[in-house]
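The following exercises are to be worked through with the sequence and the three-dimensional structure at hand. Each task is followed by a solution in steps.

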Amino acid sequence: MTPEEVLTHVTEIFKTVLKKEQLHLTPATTAADVDGWDSLTHVMLIDAVENHYKIKFKLNEVIKFNNIGDLCACILKKLPA
Amino acid sequence: MLFTSFSFFLFLTVIYLLYWSLLKSRKAQNIVLLFGSYFFYCAAAMPQNKIAKLLFNFRFEEAWLNVAKGFNERHYHILQLFLLLWLSSSFAYLMGIALGKQKKEITRKWLMVLSAVVHLGVLCYFKYFNFFVQSFVDAANTLGWQILFSPEHILLPLAISFFTFHVLGYTFDVYQETYEPADDYVDFITHVAFFPQLVAGPIERAGHLLPQFTNPRSFSWNKMESGLSQMLWGFFKKTVVADSIGKFVTYVYASDASSGSNIILATLAFTIQIYCDFSGYSDIALGCARLLGFDLLKNFNFPYFATSLTEFWRRWHISLSSWITDYLYMPISFGKRSWGKWGIVYAAIISFTLSGLWHGAQWTAVIWGLMHGIVLGYEVLTKEVRKKWSQIIPHVVYSVVSAILVWLFWAASQLVFRSGSITKFQALWSRICSESLFTMPYFSAVKDGLMWGGVLFLIEWIQRKKDYGLDLQNTNYMIRWTAYATIIVVIFSSDNLNNQNEFLYFQF
(Lines give C-alpha, C1' and ligand atoms only; values in the text may rest on other atoms or scores of the structure.)
Protein backbone atom coordinates (compact mmCIF):
# COMPACT_ATOMS: atom_id res chain seq x y z
CA MET A 1 0.00 0.00 0.00
CA THR A 2 1.32 3.48 -0.87
CA PRO A 3 1.44 6.45 1.55
CA GLU A 4 -1.14 8.22 -0.66
CA GLU A 5 -3.59 5.32 -0.33
CA VAL A 6 -3.16 5.29 3.46
CA LEU A 7 -3.81 9.04 3.58
CA THR A 8 -7.01 8.57 1.52
CA HIS A 9 -8.25 5.81 3.86
CA VAL A 10 -7.37 7.82 6.97
CA THR A 11 -9.23 10.84 5.57
CA GLU A 12 -12.35 8.70 5.06
CA ILE A 13 -12.08 7.32 8.63
CA PHE A 14 -11.72 10.86 10.04
CA LYS A 15 -14.76 12.00 8.02
CA THR A 16 -16.86 9.16 9.49
CA VAL A 17 -15.73 9.53 13.14
CA LEU A 18 -15.83 13.34 13.17
CA LYS A 19 -19.04 13.36 11.08
CA LYS A 20 -17.63 15.79 8.54
CA GLU A 21 -18.46 15.53 4.85
CA GLN A 22 -15.79 18.02 3.83
CA LEU A 23 -12.35 17.27 5.23
CA HIS A 24 -8.99 17.62 3.56
CA LEU A 25 -6.06 16.02 5.35
CA THR A 26 -2.39 16.33 4.41
CA PRO A 27 0.66 14.77 6.12
CA ALA A 28 1.24 18.12 7.85
CA THR A 29 -2.30 18.38 9.28
CA THR A 30 -2.41 18.53 13.11
CA ALA A 31 -5.25 18.33 15.65
CA ALA A 32 -5.22 22.13 15.85
CA ASP A 33 -6.19 22.31 12.14
CA VAL A 34 -9.27 20.06 12.39
CA ASP A 35 -12.39 21.23 14.21
CA GLY A 36 -13.59 18.47 16.55
CA TRP A 37 -10.26 16.56 16.73
CA ASP A 38 -9.48 16.88 20.41
CA SER A 39 -8.34 14.71 23.31
CA LEU A 40 -11.88 13.25 23.52
CA THR A 41 -12.16 12.18 19.87
CA HIS A 42 -8.48 11.28 19.50
CA VAL A 43 -8.82 7.77 20.98
CA MET A 44 -11.98 7.14 18.92
CA LEU A 45 -10.02 7.99 15.76
CA ILE A 46 -7.18 5.69 16.79
CA ASP A 47 -9.64 2.87 17.51
CA ALA A 48 -11.33 3.35 14.11
CA VAL A 49 -7.95 3.28 12.31
CA GLU A 50 -6.95 0.10 14.20
CA ASN A 51 -10.23 -1.62 13.30
CA HIS A 52 -9.94 -0.61 9.65
CA TYR A 53 -6.40 -1.96 9.20
CA LYS A 54 -6.65 -4.75 11.81
CA ILE A 55 -3.54 -3.42 13.56
CA LYS A 56 -2.76 -2.37 17.16
CA PHE A 57 -0.90 0.75 18.23
CA LYS A 58 1.07 1.11 21.46
CA LEU A 59 0.48 4.11 23.75
CA ASN A 60 4.12 5.15 23.27
CA GLU A 61 3.54 5.32 19.50
CA VAL A 62 0.29 7.27 19.74
CA ILE A 63 1.82 9.86 22.07
CA LYS A 64 4.49 10.65 19.49
CA PHE A 65 2.02 11.38 16.64
CA ASN A 66 2.52 15.05 15.92
CA ASN A 67 0.53 15.11 12.69
CA ILE A 68 -1.32 12.95 10.14
CA GLY A 69 2.01 12.13 8.47
CA ASP A 70 3.26 10.43 11.66
CA LEU A 71 0.03 8.42 11.95
CA CYS A 72 0.23 7.29 8.29
CA ALA A 73 3.92 6.37 8.63
CA CYS A 74 3.13 4.22 11.70
CA ILE A 75 0.26 2.49 9.85
CA LEU A 76 2.53 1.72 6.89
CA LYS A 77 5.15 0.28 9.24
CA LYS A 78 2.59 -2.10 10.75
CA LEU A 79 1.05 -3.29 7.48
CA PRO A 80 2.47 -6.45 5.92
CA ALA A 81 4.85 -5.61 3.06
CA MET B 1 6.84 34.68 52.34
CA LEU B 2 3.73 35.63 50.36
CA PHE B 3 3.92 37.09 46.85
CA THR B 4 1.94 40.05 48.19
CA SER B 5 4.28 40.73 51.14
CA PHE B 6 6.90 43.45 51.45
CA SER B 7 9.53 40.80 52.26
CA PHE B 8 8.88 39.18 48.85
CA PHE B 9 9.31 42.57 47.18
CA LEU B 10 12.72 42.94 48.90
CA PHE B 11 13.70 39.36 48.05
CA LEU B 12 12.74 39.80 44.37
CA THR B 13 14.65 43.10 44.12
CA VAL B 14 17.85 41.52 45.47
CA ILE B 15 17.54 38.45 43.23
CA TYR B 16 16.67 40.59 40.20
CA LEU B 17 19.68 42.90 40.56
CA LEU B 18 22.10 40.07 41.30
CA TYR B 19 20.71 37.93 38.49
CA TRP B 20 20.93 40.54 35.73
CA SER B 21 24.35 41.74 36.93
CA LEU B 22 25.59 38.24 36.04
CA LEU B 23 24.24 38.41 32.48
CA LYS B 24 27.51 37.15 31.00
CA SER B 25 27.41 33.86 32.91
CA ARG B 26 24.33 31.69 32.48
CA LYS B 27 25.64 29.20 35.04
CA ALA B 28 26.15 31.90 37.67
CA GLN B 29 22.63 33.18 36.98
CA ASN B 30 21.26 29.67 37.54
CA ILE B 31 23.18 29.36 40.81
CA VAL B 32 21.60 32.64 41.99
CA LEU B 33 18.17 31.27 41.07
CA LEU B 34 18.87 27.93 42.79
CA PHE B 35 19.92 29.44 46.13
CA GLY B 36 17.26 32.13 45.85
CA SER B 37 14.59 29.50 45.22
CA TYR B 38 15.66 27.32 48.15
CA PHE B 39 15.72 30.41 50.40
CA PHE B 40 12.24 31.38 49.14
CA TYR B 41 10.93 27.85 49.78
CA CYS B 42 12.24 27.75 53.35
CA ALA B 43 11.03 31.32 54.00
CA ALA B 44 7.58 30.42 52.65
CA ALA B 45 7.28 27.99 55.56
CA MET B 46 8.13 30.70 58.10
CA PRO B 47 5.54 33.03 59.64
CA GLN B 48 5.50 36.58 58.22
CA ASN B 49 6.65 38.17 61.51
CA LYS B 50 9.71 35.88 61.66
CA ILE B 51 10.77 36.93 58.14
CA ALA B 52 10.26 40.61 58.97
CA LYS B 53 12.38 40.13 62.11
CA LEU B 54 15.07 38.38 60.08
CA LEU B 55 15.15 41.18 57.51
CA PHE B 56 14.71 44.28 59.62
CA ASN B 57 15.53 43.46 63.22
CA PHE B 58 18.28 40.86 63.04
CA ARG B 59 20.40 40.61 66.22
CA PHE B 60 23.49 38.47 66.00
CA GLU B 61 23.64 37.64 69.75
CA GLU B 62 19.98 36.56 69.80
CA ALA B 63 20.47 34.42 66.69
CA TRP B 64 23.56 32.83 68.25
CA LEU B 65 21.63 32.05 71.45
CA ASN B 66 18.91 30.41 69.37
CA VAL B 67 21.51 28.30 67.56
CA ALA B 68 23.04 27.33 70.90
CA LYS B 69 19.60 26.26 72.17
CA GLY B 70 19.42 23.82 69.30
CA PHE B 71 16.81 23.10 66.67
CA ASN B 72 13.16 23.44 67.58
CA GLU B 73 10.27 21.73 65.81
CA ARG B 74 9.88 24.52 63.24
CA HIS B 75 13.57 24.39 62.31
CA TYR B 76 13.30 20.64 61.78
CA HIS B 77 10.20 21.16 59.64
CA ILE B 78 11.99 23.70 57.42
CA LEU B 79 15.02 21.40 57.12
CA GLN B 80 12.69 18.53 56.26
CA LEU B 81 11.00 20.67 53.58
CA PHE B 82 14.29 21.63 52.00
CA LEU B 83 15.59 18.05 52.01
CA LEU B 84 12.37 16.75 50.53
CA LEU B 85 12.48 19.19 47.62
CA TRP B 86 16.18 18.61 46.99
CA LEU B 87 15.97 14.80 47.25
CA SER B 88 12.83 14.65 45.10
CA SER B 89 14.41 16.63 42.26
CA SER B 90 17.77 14.83 42.60
CA PHE B 91 16.05 11.43 42.47
CA ALA B 92 14.10 12.48 39.34
CA TYR B 93 17.36 13.63 37.75
CA LEU B 94 19.08 10.29 38.46
CA MET B 95 16.09 8.29 37.21
CA GLY B 96 16.07 10.38 34.03
CA ILE B 97 19.75 9.53 33.44
CA ALA B 98 19.06 5.82 34.15
CA LEU B 99 16.05 5.77 31.79
CA GLY B 100 18.09 7.49 29.08
CA LYS B 101 20.93 4.95 29.30
CA GLN B 102 18.79 1.84 29.57
CA LYS B 103 17.78 0.25 26.25
CA LYS B 104 15.86 -2.82 27.52
CA GLU B 105 12.15 -1.99 27.52
CA ILE B 106 11.28 -4.13 30.55
CA THR B 107 14.04 -2.52 32.67
CA ARG B 108 12.92 0.95 31.54
CA LYS B 109 9.38 0.11 32.57
CA TRP B 110 10.51 -1.01 36.03
CA LEU B 111 12.59 2.15 36.45
CA MET B 112 9.54 4.24 35.58
CA VAL B 113 7.38 2.25 38.02
CA LEU B 114 10.01 2.61 40.77
CA SER B 115 10.16 6.35 40.19
CA ALA B 116 6.35 6.69 40.29
CA VAL B 117 6.12 4.57 43.46
CA VAL B 118 8.77 6.64 45.26
CA HIS B 119 7.35 10.05 44.29
CA LEU B 120 3.72 9.07 44.85
CA GLY B 121 4.66 7.15 48.01
CA VAL B 122 6.19 10.29 49.54
CA LEU B 123 3.17 12.35 48.47
CA CYS B 124 0.75 9.75 49.87
CA TYR B 125 2.57 9.56 53.20
CA PHE B 126 2.58 13.31 53.82
CA LYS B 127 -0.77 14.18 52.27
CA TYR B 128 -3.00 11.10 52.44
CA PHE B 129 -1.77 8.79 55.23
CA ASN B 130 -4.20 10.04 57.89
CA PHE B 131 -7.03 10.35 55.36
CA PHE B 132 -6.72 6.78 54.06
CA VAL B 133 -6.24 5.20 57.50
CA GLN B 134 -9.04 7.27 59.04
CA SER B 135 -11.39 6.34 56.15
CA PHE B 136 -10.51 2.67 56.61
CA VAL B 137 -11.04 2.86 60.38
CA ASP B 138 -14.39 4.64 59.93
CA ALA B 139 -15.52 1.99 57.45
CA ALA B 140 -14.34 -0.82 59.78
CA ASN B 141 -16.09 0.73 62.78
CA THR B 142 -19.31 1.02 60.76
CA LEU B 143 -19.04 -2.76 60.26
CA GLY B 144 -18.64 -3.16 64.02
CA TRP B 145 -14.91 -3.96 64.17
CA GLN B 146 -14.14 -1.34 66.87
CA ILE B 147 -10.69 -0.09 65.76
CA LEU B 148 -9.09 2.89 67.53
CA PHE B 149 -6.91 5.33 65.58
CA SER B 150 -5.28 8.61 66.56
CA PRO B 151 -4.16 10.58 63.51
CA GLU B 152 -0.39 10.99 63.16
CA HIS B 153 1.01 14.52 63.50
CA ILE B 154 2.22 14.92 59.92
CA LEU B 155 2.88 18.44 58.63
CA LEU B 156 2.06 18.75 54.94
CA PRO B 157 5.17 19.99 53.11
CA LEU B 158 4.46 23.15 51.18
CA ALA B 159 3.98 22.67 47.41
CA ILE B 160 4.52 18.90 47.56
CA SER B 161 1.61 18.21 45.16
CA PHE B 162 3.03 20.69 42.66
CA PHE B 163 6.68 19.66 42.57
CA THR B 164 5.80 15.94 42.71
CA PHE B 165 3.67 16.28 39.56
CA HIS B 166 6.40 18.40 37.95
CA VAL B 167 9.12 15.76 38.40
CA LEU B 168 6.75 12.86 37.67
CA GLY B 169 5.79 14.48 34.36
CA TYR B 170 9.50 14.71 33.50
CA THR B 171 10.03 11.01 34.33
CA PHE B 172 7.03 9.96 32.18
CA ASP B 173 8.26 12.10 29.28
CA VAL B 174 11.73 10.56 29.42
CA TYR B 175 10.21 7.07 29.68
CA GLN B 176 7.94 7.71 26.68
CA GLU B 177 10.96 9.19 24.85
CA THR B 178 9.15 12.44 24.15
CA TYR B 179 11.90 14.31 26.02
CA GLU B 180 15.64 13.70 26.32
CA PRO B 181 17.01 13.21 29.87
CA ALA B 182 18.57 16.34 31.38
CA ASP B 183 22.36 16.20 31.51
CA ASP B 184 23.16 19.21 33.71
CA TYR B 185 22.31 18.54 37.38
CA VAL B 186 22.28 22.19 38.49
CA ASP B 187 20.06 23.28 35.59
CA PHE B 188 17.65 20.44 36.38
CA ILE B 189 17.25 21.00 40.12
CA THR B 190 17.04 24.76 39.54
CA HIS B 191 14.21 24.37 37.04
CA VAL B 192 12.27 22.23 39.57
CA ALA B 193 12.84 24.70 42.43
CA PHE B 194 12.43 27.88 40.32
CA PHE B 195 10.67 30.08 42.88
CA PRO B 196 7.95 31.80 40.80
CA GLN B 197 6.29 28.43 39.97
CA LEU B 198 7.39 26.37 43.00
CA VAL B 199 4.69 26.92 45.59
CA ALA B 200 1.46 26.85 43.56
CA GLY B 201 2.37 26.26 39.93
CA PRO B 202 1.88 26.46 37.03
CA ILE B 203 2.91 22.79 36.99
CA GLU B 204 5.70 23.08 34.48
CA ARG B 205 6.84 20.54 31.89
CA ALA B 206 10.56 19.93 31.63
CA GLY B 207 10.27 20.16 27.84
CA HIS B 208 8.99 23.72 28.18
CA LEU B 209 10.97 25.13 31.10
CA LEU B 210 14.29 23.25 31.18
CA PRO B 211 15.58 24.48 27.77
CA GLN B 212 15.10 28.02 29.07
CA PHE B 213 17.59 27.20 31.85
CA THR B 214 20.11 25.65 29.48
CA ASN B 215 20.00 28.61 27.03
CA PRO B 216 21.37 32.11 27.66
CA ARG B 217 18.82 34.82 28.46
CA SER B 218 18.68 38.38 27.22
CA PHE B 219 17.37 41.42 29.05
CA SER B 220 14.52 43.32 27.41
CA TRP B 221 12.61 46.41 28.60
CA ASN B 222 9.47 45.08 26.90
CA LYS B 223 9.64 41.84 28.87
CA MET B 224 10.24 43.81 32.04
CA GLU B 225 7.17 45.98 31.46
CA SER B 226 5.08 42.97 30.48
CA GLY B 227 6.22 41.05 33.59
CA LEU B 228 5.51 43.96 35.92
CA SER B 229 2.08 44.65 34.40
CA GLN B 230 1.06 41.00 34.74
CA MET B 231 2.23 41.01 38.37
CA LEU B 232 0.22 44.18 38.92
CA TRP B 233 -2.88 42.51 37.48
CA GLY B 234 -2.31 39.56 39.81
CA PHE B 235 -1.95 41.85 42.86
CA PHE B 236 -5.21 43.57 41.87
CA LYS B 237 -7.08 40.27 41.59
CA LYS B 238 -5.73 38.97 44.88
CA THR B 239 -5.71 42.08 47.08
CA VAL B 240 -8.68 44.05 45.80
CA VAL B 241 -11.12 41.32 44.74
CA ALA B 242 -10.26 37.94 46.31
CA ASP B 243 -9.37 39.18 49.80
CA SER B 244 -12.43 41.50 49.96
CA ILE B 245 -14.76 38.62 49.17
CA GLY B 246 -12.79 36.11 51.24
CA LYS B 247 -13.70 37.68 54.61
CA PHE B 248 -17.44 37.27 53.94
CA VAL B 249 -17.08 33.73 52.57
CA THR B 250 -14.97 32.62 55.55
CA TYR B 251 -17.45 34.13 58.01
CA VAL B 252 -20.55 32.57 56.37
CA TYR B 253 -19.01 29.11 56.03
CA ALA B 254 -17.62 29.13 59.59
CA SER B 255 -20.79 30.32 61.29
CA ASP B 256 -23.45 27.86 62.40
CA ALA B 257 -26.07 30.59 62.18
CA SER B 258 -25.65 31.58 58.51
CA SER B 259 -28.92 31.73 56.59
CA GLY B 260 -29.53 29.72 53.41
CA SER B 261 -29.53 32.92 51.33
CA ASN B 262 -26.14 33.96 52.76
CA ILE B 263 -24.71 30.50 52.03
CA ILE B 264 -25.88 30.80 48.41
CA LEU B 265 -24.42 34.32 48.14
CA ALA B 266 -21.14 33.21 49.77
CA THR B 267 -20.89 30.22 47.42
CA LEU B 268 -21.42 32.38 44.32
CA ALA B 269 -18.96 34.92 45.73
CA PHE B 270 -16.48 32.11 46.44
CA THR B 271 -16.35 31.30 42.69
CA ILE B 272 -15.07 34.85 42.14
CA GLN B 273 -12.73 34.64 45.14
CA ILE B 274 -11.10 31.37 44.09
CA TYR B 275 -10.67 32.57 40.50
CA CYS B 276 -9.11 35.88 41.53
CA ASP B 277 -6.98 34.22 44.21
CA PHE B 278 -5.55 31.43 42.08
CA SER B 279 -5.38 33.15 38.70
CA GLY B 280 -3.99 36.21 40.53
CA TYR B 281 -1.26 34.01 41.99
CA SER B 282 -0.55 32.60 38.52
CA ASP B 283 -0.37 36.11 37.03
CA ILE B 284 2.19 37.13 39.67
CA ALA B 285 4.16 33.90 39.05
CA LEU B 286 4.18 34.38 35.26
CA GLY B 287 5.05 38.08 35.55
CA CYS B 288 7.80 37.40 38.07
CA ALA B 289 9.34 34.69 35.84
CA ARG B 290 9.16 37.02 32.81
CA LEU B 291 11.12 39.65 34.77
CA LEU B 292 13.91 37.08 34.94
CA GLY B 293 13.59 36.24 31.24
CA PHE B 294 11.49 33.06 31.54
CA ASP B 295 8.11 32.15 30.08
CA LEU B 296 5.96 29.90 32.27
CA LEU B 297 2.95 27.95 31.00
CA LYS B 298 -0.27 29.90 30.78
CA ASN B 299 -2.49 28.66 33.61
CA PHE B 300 -5.80 30.50 33.06
CA ASN B 301 -7.57 31.64 29.93
CA PHE B 302 -10.69 33.49 31.13
CA PRO B 303 -12.46 30.27 32.28
CA TYR B 304 -15.78 31.90 33.23
CA PHE B 305 -16.42 32.65 29.55
CA ALA B 306 -16.42 28.88 28.75
CA THR B 307 -19.64 27.53 27.24
CA SER B 308 -19.14 23.90 28.35
CA LEU B 309 -17.41 22.18 31.25
CA THR B 310 -15.01 20.54 28.78
CA GLU B 311 -14.01 24.02 27.57
CA PHE B 312 -13.89 25.27 31.16
CA TRP B 313 -11.21 22.70 32.00
CA ARG B 314 -9.20 23.82 28.97
CA ARG B 315 -9.22 27.30 30.50
CA TRP B 316 -8.95 26.67 34.30
CA HIS B 317 -5.68 25.54 35.91
CA ILE B 318 -4.53 24.56 32.40
CA SER B 319 -1.19 23.18 33.58
CA LEU B 320 -2.94 20.65 35.88
CA SER B 321 -5.70 19.69 33.44
CA SER B 322 -3.20 19.14 30.62
CA TRP B 323 -1.05 17.06 33.02
CA ILE B 324 -4.12 14.98 33.95
CA THR B 325 -5.05 14.65 30.25
CA ASP B 326 -1.58 13.50 29.17
CA TYR B 327 -0.62 11.18 32.02
CA LEU B 328 -3.96 9.89 33.33
CA TYR B 329 -6.84 10.43 30.93
CA MET B 330 -4.93 9.43 27.76
CA PRO B 331 -3.53 6.11 29.07
CA ILE B 332 -6.92 5.17 30.60
CA SER B 333 -9.00 6.11 27.54
CA PHE B 334 -6.42 4.47 25.24
CA GLY B 335 -6.69 1.26 27.26
CA LYS B 336 -10.50 1.37 26.95
CA ARG B 337 -10.69 2.59 23.34
CA SER B 338 -12.67 -0.49 22.28
CA TRP B 339 -15.52 0.80 24.52
CA GLY B 340 -16.08 3.75 22.19
CA LYS B 341 -17.60 6.82 23.87
CA TRP B 342 -18.08 4.92 27.13
CA GLY B 343 -14.31 4.42 27.35
CA ILE B 344 -13.92 8.22 27.24
CA VAL B 345 -16.64 8.67 29.88
CA TYR B 346 -14.91 6.07 32.09
CA ALA B 347 -11.51 7.77 31.65
CA ALA B 348 -13.00 11.22 32.41
CA ILE B 349 -14.66 9.99 35.62
CA ILE B 350 -11.55 8.19 36.90
CA SER B 351 -9.20 11.06 35.95
CA PHE B 352 -11.31 13.77 37.54
CA THR B 353 -12.01 11.78 40.70
CA LEU B 354 -8.24 11.42 41.14
CA SER B 355 -7.86 15.11 40.30
CA GLY B 356 -10.28 15.80 43.16
CA LEU B 357 -8.08 13.76 45.48
CA TRP B 358 -5.06 15.82 44.33
CA HIS B 359 -6.93 18.93 45.50
CA GLY B 360 -7.35 17.67 49.04
CA ALA B 361 -7.26 14.64 51.33
CA GLN B 362 -10.97 14.77 52.10
CA TRP B 363 -14.11 13.08 50.77
CA THR B 364 -15.65 16.39 49.68
CA ALA B 365 -12.69 16.88 47.28
CA VAL B 366 -13.20 13.35 45.90
CA ILE B 367 -16.95 14.01 45.42
CA TRP B 368 -16.11 17.35 43.79
CA GLY B 369 -13.86 15.54 41.27
CA LEU B 370 -16.46 12.83 40.71
CA MET B 371 -19.13 15.48 39.98
CA HIS B 372 -16.88 17.02 37.34
CA GLY B 373 -16.04 13.63 35.83
CA ILE B 374 -19.73 12.75 35.52
CA VAL B 375 -20.68 16.04 33.87
CA LEU B 376 -17.71 15.77 31.49
CA GLY B 377 -18.92 12.26 30.63
CA TYR B 378 -22.42 13.65 30.05
CA GLU B 379 -20.94 16.24 27.68
CA VAL B 380 -19.15 13.50 25.71
CA LEU B 381 -22.41 11.55 25.31
CA THR B 382 -24.52 14.59 24.37
CA LYS B 383 -22.00 16.37 22.16
CA GLU B 384 -24.03 15.96 18.94
CA VAL B 385 -27.36 16.91 20.52
CA ARG B 386 -25.81 20.05 22.00
CA LYS B 387 -24.25 20.91 18.65
CA LYS B 388 -27.72 20.74 17.02
CA TRP B 389 -29.15 23.00 19.75
CA SER B 390 -26.34 25.49 19.19
CA GLN B 391 -27.29 25.69 15.51
CA ILE B 392 -31.00 26.27 16.26
CA ILE B 393 -30.69 28.79 19.12
CA PRO B 394 -29.17 32.24 18.34
CA HIS B 395 -25.43 32.15 19.02
CA VAL B 396 -25.35 34.89 21.69
CA VAL B 397 -28.27 33.39 23.65
CA TYR B 398 -26.79 29.88 23.49
CA SER B 399 -23.33 31.08 24.58
CA VAL B 400 -24.61 33.23 27.47
CA VAL B 401 -27.01 30.55 28.78
CA SER B 402 -24.31 27.85 28.46
CA ALA B 403 -21.72 30.00 30.26
CA ILE B 404 -24.19 30.69 33.11
CA LEU B 405 -25.04 26.98 33.41
CA VAL B 406 -21.34 26.05 33.54
CA TRP B 407 -20.77 28.71 36.21
CA LEU B 408 -23.76 27.51 38.29
CA PHE B 409 -22.52 23.92 38.14
CA TRP B 410 -19.06 25.13 39.14
CA ALA B 411 -20.60 27.01 42.08
CA ALA B 412 -22.59 23.92 43.17
CA SER B 413 -19.43 21.81 43.09
CA GLN B 414 -17.57 24.53 45.03
CA LEU B 415 -20.23 24.35 47.76
CA VAL B 416 -19.26 20.71 48.26
CA PHE B 417 -15.54 21.44 48.00
CA ARG B 418 -15.51 24.54 50.23
CA SER B 419 -17.54 22.86 52.99
CA GLY B 420 -14.48 20.68 53.74
CA SER B 421 -16.34 17.71 55.24
CA ILE B 422 -19.49 15.72 54.57
CA THR B 423 -20.93 16.70 57.97
CA LYS B 424 -20.36 20.38 57.29
CA PHE B 425 -21.87 20.06 53.81
CA GLN B 426 -24.99 18.41 55.27
CA ALA B 427 -25.33 21.26 57.77
CA LEU B 428 -24.97 23.88 55.02
CA TRP B 429 -27.39 22.03 52.74
CA SER B 430 -30.05 21.76 55.47
CA ARG B 431 -29.90 25.55 55.94
CA ILE B 432 -30.13 26.12 52.17
CA CYS B 433 -33.29 23.96 52.18
CA SER B 434 -34.82 25.90 55.09
CA GLU B 435 -37.01 29.03 55.16
CA SER B 436 -33.87 31.13 55.70
CA LEU B 437 -33.22 30.78 51.96
CA PHE B 438 -35.87 33.46 51.42
CA THR B 439 -34.33 36.05 53.77
CA MET B 440 -32.34 38.97 52.37
CA PRO B 441 -28.61 38.11 52.22
CA TYR B 442 -25.92 40.55 53.44
CA PHE B 443 -25.07 42.08 50.06
CA SER B 444 -23.53 45.06 51.84
CA ALA B 445 -20.84 42.82 53.41
CA VAL B 446 -19.52 41.82 50.02
CA LYS B 447 -20.52 44.75 47.79
CA ASP B 448 -16.97 46.14 47.37
CA GLY B 449 -15.54 42.79 46.34
CA LEU B 450 -18.42 42.11 43.95
CA MET B 451 -18.17 45.57 42.43
CA TRP B 452 -14.45 45.18 41.76
CA GLY B 453 -15.12 41.63 40.55
CA GLY B 454 -17.60 43.11 38.04
CA VAL B 455 -14.99 45.63 36.87
CA LEU B 456 -12.43 42.84 36.55
CA PHE B 457 -14.72 40.61 34.44
CA LEU B 458 -15.63 43.55 32.20
CA ILE B 459 -11.93 44.28 31.58
CA GLU B 460 -11.21 40.59 31.01
CA TRP B 461 -14.09 40.35 28.53
CA ILE B 462 -12.67 43.29 26.56
CA GLN B 463 -9.17 41.75 26.77
CA ARG B 464 -10.27 38.13 26.19
CA LYS B 465 -8.09 37.72 23.07
CA LYS B 466 -5.00 38.84 25.05
CA ASP B 467 -2.84 36.89 27.50
CA TYR B 468 -4.13 38.66 30.64
CA GLY B 469 -6.39 41.53 31.65
CA LEU B 470 -3.70 44.22 31.80
CA ASP B 471 -1.90 43.11 28.62
CA LEU B 472 -1.74 46.58 27.04
CA GLN B 473 1.68 46.54 25.42
CA ASN B 474 0.38 47.39 21.95
CA THR B 475 -1.87 50.18 23.20
CA ASN B 476 -1.28 53.90 23.24
CA TYR B 477 1.42 55.01 25.71
CA MET B 478 -0.88 57.40 27.61
CA ILE B 479 -3.73 54.88 28.00
CA ARG B 480 -1.32 52.18 29.10
CA TRP B 481 0.42 54.15 31.83
CA THR B 482 -2.85 55.70 33.02
CA ALA B 483 -4.22 52.16 33.42
CA TYR B 484 -1.12 51.05 35.35
CA ALA B 485 -1.27 54.10 37.62
CA THR B 486 -5.01 53.58 38.28
CA ILE B 487 -4.51 49.94 39.23
CA ILE B 488 -1.63 50.89 41.57
CA VAL B 489 -3.80 53.53 43.28
CA VAL B 490 -6.68 51.05 43.67
CA ILE B 491 -4.36 48.40 45.16
CA PHE B 492 -2.77 50.84 47.63
CA SER B 493 -6.20 52.20 48.62
CA SER B 494 -7.38 48.71 49.51
CA ASP B 495 -7.79 47.85 53.20
CA ASN B 496 -6.61 44.32 52.45
CA LEU B 497 -3.05 45.42 51.74
CA ASN B 498 -2.27 45.41 55.47
CA ASN B 499 -4.10 42.13 56.17
CA GLN B 500 -2.34 39.64 53.97
CA ASN B 501 -4.13 36.37 53.41
CA GLU B 502 -2.55 33.18 52.18
CA PHE B 503 -3.34 32.04 48.67
CA LEU B 504 -6.02 29.33 48.69
CA TYR B 505 -3.99 26.94 46.52
CA PHE B 506 -1.13 26.90 49.07
CA GLN B 507 -3.08 24.22 50.95
CA PHE B 508 -2.85 21.82 48.00
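A disulfide is a pair of cysteine sulfur atoms within 2.5 Å. The model is predicted, so local features need pLDDT of at least 70 and side-chain atom pairs count only at pLDDT 80 or more, while totals for chains, interfaces and linings use all residues. Residues are numbered from 1 along each chain as its sequence is written, chains are lettered from A and ligands numbered from 1 in the order in which they are written, and side-chain values use heavy atoms, with hydrogens and water left out.

**Exercise 1. Disulfides**

Determine how many disulfides the rule finds over all chains, and explain why B:Cys276 forms no such bond.

Solution.
1. The count over all chains is 0.
2. The closest cysteine sulfur to that of B:Cys276 belongs to B:Cys288 and is 20 Å away, which is too far for a bond.
3. For A:Cys74 the closest cysteine sulfur, in A:Cys72, is 10 Å away, again too far for a bond.
4. Buried means under 20% relative accessible area, exposed over 50%, and partly exposed in between (1.4 Å probe, protein chains only). B:Cys276 is buried at 0%, and A:Cys74 is buried at 7%.

**Exercise 2. The interface**

Describe the interface of chain A and chain B by its contacts and its buried area.

Solution.
1. Contact means heavy atoms within 4.5 Å. In these terms, 20 residues of chain A touch 19 residues of chain B.
2. Buried area is the accessible area (1.4 Å probe) that two parts lose on being put together, summed over both. Here the area is about 1800 Å², and carbon and sulfur atoms give 63% of that.
3. On the side of chain A, the residues that lose the most area to chain B are A:Leu40, A:Val43 and A:Leu59, together 33% of what that side buries.

**Exercise 3. Salt bridges**

Find how many salt bridges cross the interface of chain A and chain B, and then examine the pair B:Lys237 and B:Asp283.

Solution.
1. A salt bridge is a side-chain nitrogen of Lys or Arg within 4 Å of a carboxyl oxygen of Asp or Glu.
2. The rule finds 5 across the interface; one of them joins A:Lys64 and B:Glu177 at 3.4 Å, N to O.
3. Within chain B, the side chains of B:Lys237 and B:Asp283 meet at 2.7 Å, N to O. B:Lys237 lies in helix H11 (residues 221-254) and B:Asp283 in helix H12 (residues 260-291), so the pair ties together parts that are 46 residues apart in sequence. Helices (H or I, at least four residues) are DSSP runs, numbered from the N terminus.
4. B:Lys237 is buried at 3%, and B:Asp283 is buried at 7%.

Technical notes: Helices (H or I, at least four residues) and strands (E, at least two) are DSSP runs, numbered from the N terminus.
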